[in-house]
Amino acid sequence: MEKRFETFTVLVNRISRNIRKIKNQEMAEYGLRSAHVSCLYYLYTEKGLTATDLCECCEEDKATISRALEFLEGRGYLCCESKTAKRYKSPLLLTEKGEEIAGLIAGKIDWVLKEVSAGLTEEERLAFYRSLFIISSSLDAVVRTSIDTLQAAERNDEQ
């Protein structure tokens, strides 16, 4: 019998854990953690993102991104030019110090991506990402369906 569930969940968890470890190990000398790395990387590659945009890019909740941004702003890596009440929707900008560290991060990410895909042909890599996207989208649909089913059941229980 295939152990698809075990294989899939173990490999996905291992990949996620290793990515987090690499981020933390590579950035320890700068006092940066995984969420900081992601924020800096996306602000470097996609200019003018807001905190809301970063939540989507990083797949993190608002609290995690808020803490990361507070940390990064406090250490002079980024700034928010807008001082309006809607700060969460204001574009964030990397400072010169932020640009420098984010450039290093982008270089390290490029190196890691080359290392981990060295044993794959371009076609295999594209097929892998295509398959991973399909699996991710399918899991999103299952989650939405499960939530809808749960909410419908709760409404029926209340009646």
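This report walks through two helices, the salt bridges, a nonpolar surface patch and one unusual loop residue.

The model is predicted, so local features are taken at pLDDT of at least 70 and side-chain atom pairs only at pLDDT 80 or more, while totals for chains, interfaces and linings use all residues. Residues are numbered from 1 along each chain as its sequence is written, and side-chain values use heavy atoms, leaving out hydrogens and water.

Let's start with helix H5, residues 96-116. Helices here are DSSP runs of H or I with at least four residues, strands are runs of E with at least two, and both are numbered from the N terminus. H5 has 21 residues and reaches 30 Å from its first C-alpha to its last, close to the 30 Å expected; that expected span is 1.5 Å times one less than the number of residues. Its buried residues are Gly98, Ile101, Ala102, Ile105, Ala106 and Val112. They sit on the same side of H5, because they cover an arc of only 150° around the axis, with the arc taken from the directions from the helix axis to the C-beta atoms. As for the cut-offs, buried is under 20% relative accessible area, exposed is over 50%, and partly exposed lies in between (1.4 Å probe, protein chains only). The buried residues of H5 pack against helix H1 (4-27), helix H2 (34-45) and strand E2 (92-94), where contact means heavy atoms within 4.5 Å. Turned away from that buried side are the exposed residues Glu96, Glu100, Trp111 and Lys114.

Helix H4 (residues 62-74) can be read in a similar way. With 13 residues at 1.5 Å each, H4 should span 18 Å, and its end C-alpha atoms are indeed 18 Å apart. Thr64, Ile65, Ala68, Leu69, Phe71 and Leu72 are the buried residues of H4. They cover an arc of only 160° around the axis, so they lie on the same side of H4. Their cover includes H2, helix H3 (51-58), strand E1 (78-80) and E2. The face of H4 turned away from the buried side carries exposed Lys62, Arg67, Glu70 and Gly74.

Now for the charged pairs. A salt bridge is a side-chain nitrogen of Lys or Arg within 4 Å of a carboxyl oxygen of Asp or Glu, and by this rule the count comes to 3.

| Salt bridge | Closest N and O atoms |
|---|---|
| Glu26 and Lys108 | 2.9 Å |
| Lys47 and Glu99 | 3.6 Å |
| Glu122 and Arg125 | 2.5 Å |

Lys47, in the loop between H2 and H3, and Glu99, in helix H5, are 52 residues apart, so this pair links distant parts of the chain. Lys47 is exposed at 58% relative accessible area, whereas Glu99 is partly exposed at 31%. Glu122 and Arg125 are 3 residues apart in helix H6, which means about one helical turn between them.

On the surface, Leu113, Val116, Phe128, Tyr129 and Leu132 make a nonpolar patch of about 460 Å². Patch residues have over 30% relative accessible area and no salt bridge; like charges are joined within 9 Å, and nonpolar side chains (Val, Leu, Ile, Met, Phe, Trp, Tyr) within 5 Å. H6 (122-158) and H5 each supply at least two residues, and H6 gives the most, with 3. Val116, found in H5, counts as exposed at 58% relative accessibility.

One last oddity: Glu59 has a positive phi of about 55° although it is not a glycine. Glu59 is found in the loop between H3 and H4 and is exposed, at 69% relative accessible area.

Notes
Accessible areas come from the Shrake-Rupley method with a 1.4 Å probe; for residues, only the protein chains shown count as cover.
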